[in-house]
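These are my notes from looking up how helices pack against one another in this structure. I wanted an angle and a distance for each pair, since two packed helices are described by the angle between their axes and the distance between the axes.

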Amino acid sequence: MLYQLTTIDPAKFSVNCTWPNENQTNINLTHLNTSMLYSGPIDPSEWVGLRKSFPLLVYLRNNLLMLAILAFEVTIYRHQEYYRCRNNLTAPVSKTIFHDITRLHLDNGLISCAKYFINYFFYKFGLETCFLMSVNVIGQRMDFYAMIHACWLIAVLYRRRRKAIAEIWPKYCCFLACIITFQYFVCIGIPPAPCRDYPWRYHGARFDNNIIKWLYFPDFIVRPNPVFLVYDFMLLLCASLQRQTFEDENKAAVRIMAGDNVEICMSLDAASFSQHNPVPDFIHCRSYLDMYKVVIFSYLFWFVLTIIFITGTTRISIFCMGYLVACFYFLLFGGDLLLKPIKSILRYWDWLIAYNVFVITMKNILSIGACGYIESLVNNSCWLIQAFSLACTVKGYKMRKYYIILWGERGYVHLSLGSMVTPCCHEWLHAYHIGVRNTKDIEMK
């Protein structure tokens, strides 16, 4: 507010940087005017978040909105506390919307099922949601930090068992919090007022705009995209909620209300599993919920195989060949695969999910070539691009002309759409994996 006074004139303390010589920078002199250092006067106060704005309400709207949301939250909590004290009520064990809905009401009908999942969806499927959010971060970024996320995803999935994942989960949350904080400082960068450029812009440094963007380095020309922090934050939010879920699973009161998340016994035979399942039989379709269960659990396996086949045929590459092999392998067994022991079914599906994560990781690692060194690959190693179907689908990289040379205009659009299929396949693989791993919550008679 004080900075908006007319007595404060930014022009009086703004700085004009002198243009460097050709032997002082690796930037083409014709492109220097795109740098924040040389595009105009530099106001030092902007680096700390102060700038002149008119009207002032537009400048303060985000802060006012955050204040209004916090006030609304406090009002709701105070009102709930006052209402409970006045009527001698105790706070519910779980913070749910429908307090009278428990695990026992899940199979009573569509409405009860919808209420249950409104209450406990993240309790049941929060871990898988975190995996999908992690894949979303990798697909949206496709840079150096996405590669680190992919390594952590492999490390977590390698644990397999839910109890083992719960042990490493606090470290994963700590990693997410630290990496978001570090990236925030990267986005801020060094103050431009001293007119000092970054070392990767010095003469002789072999960094171009695409490499700097992939490495997510601070820069005055290719500034780091702060929107990526939103994807990381959403992943951190889900991971924090899942950490709370792991703690709630050890509380008897929560298990009574929401049910337990204990995994199915691996030694059970799927063909004779019905005698061990306490859930009512839905095959005879006594309600609309039973009809939905029959459709989902009878045809989800074939639908997922269709997704795998589409993933393998959308783009022709070495990676896609693995999806086709897996698809035909599952088709060879057909419905008999579902009659194998639970341990065997999960082993097959775990290998397929592992291959899917491996492909996602390798595509992210190879994106340094697809996004940063595409000109060199087009000129010297065109076969590598076509063999692995390399594509840089993240906006902001200047390389569209090279892909059009390789694939043509239609091929470039087809290549971009094909990059979305692998994450989609990962989502459906996890969806079916959830169905098999939580078989004790359904009835497959």
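Entry one. I began with helix α2 (residues 110–141) and helix α4 (residues 162–188), whose axes lie 13 Å apart in this predicted model and make an angle of about 40°. I noted α2 and α4 as oblique to each other, because that label covers angles that are neither under 35 degrees, nor over 145, nor from 65 to 115. The crossing in which α2 passes α4 is left-handed.

I then looked up which residues make this contact: from α2 they are Tyr123, Leu127, Cys130, Phe131, Ser134 and Arg141, and these meet Arg162, Ile165, Trp169, Tyr172 and Gln183 of α4. Sorted by class, the residues of the contact of α2 with α4 comprise 7 nonpolar, 2 polar and 2 charged.

Entry two. I turned next to helix α8 (residues 288–314) and helix α9 (residues 318–333), where the axes cross at roughly 150° and come within 7 Å. Angles over 145 degrees count as roughly antiparallel, and I therefore entered α8 and α9 under that heading. Here, too, I recorded a left-handed crossing, with α8 passing α9.

On the α8 side I listed Phe301, Trp302, Leu305, Ile308, Phe309, Thr311, Gly312 and Thr313, which meet Cys320, Tyr323, Leu324, Cys327, Phe328, Phe330 and Leu331 in α9. The class count for the contact of α8 with α9 came to 12 nonpolar and 3 polar residues, with no charged residues.

How values were computed:
Residues are numbered from 1 along each chain as its sequence is written. This is a predicted model: local features need pLDDT of at least 70, side-chain atom pairs count only at pLDDT 80 or more; totals for chains, interfaces and linings use all residues. Side-chain values use heavy atoms; hydrogens and water are left out. Axes are lines fitted to C-alpha atoms, for helices over the stretch in contact, and angles run from 0 to 180 degrees between N-to-C directions. Helices (H or I, at least four residues) and strands (E, at least two) are DSSP runs, numbered from the N terminus. A crossing is left-handed if the near helix is turned anticlockwise from the far one by less than a right angle, and right-handed if clockwise. Contact means heavy atoms within 4.5 Å. Ala, Val, Leu, Ile, Met, Phe, Trp, Tyr, Cys and Pro count as nonpolar, Asp, Glu, Lys and Arg as charged, and the others, Gly among them, as polar.
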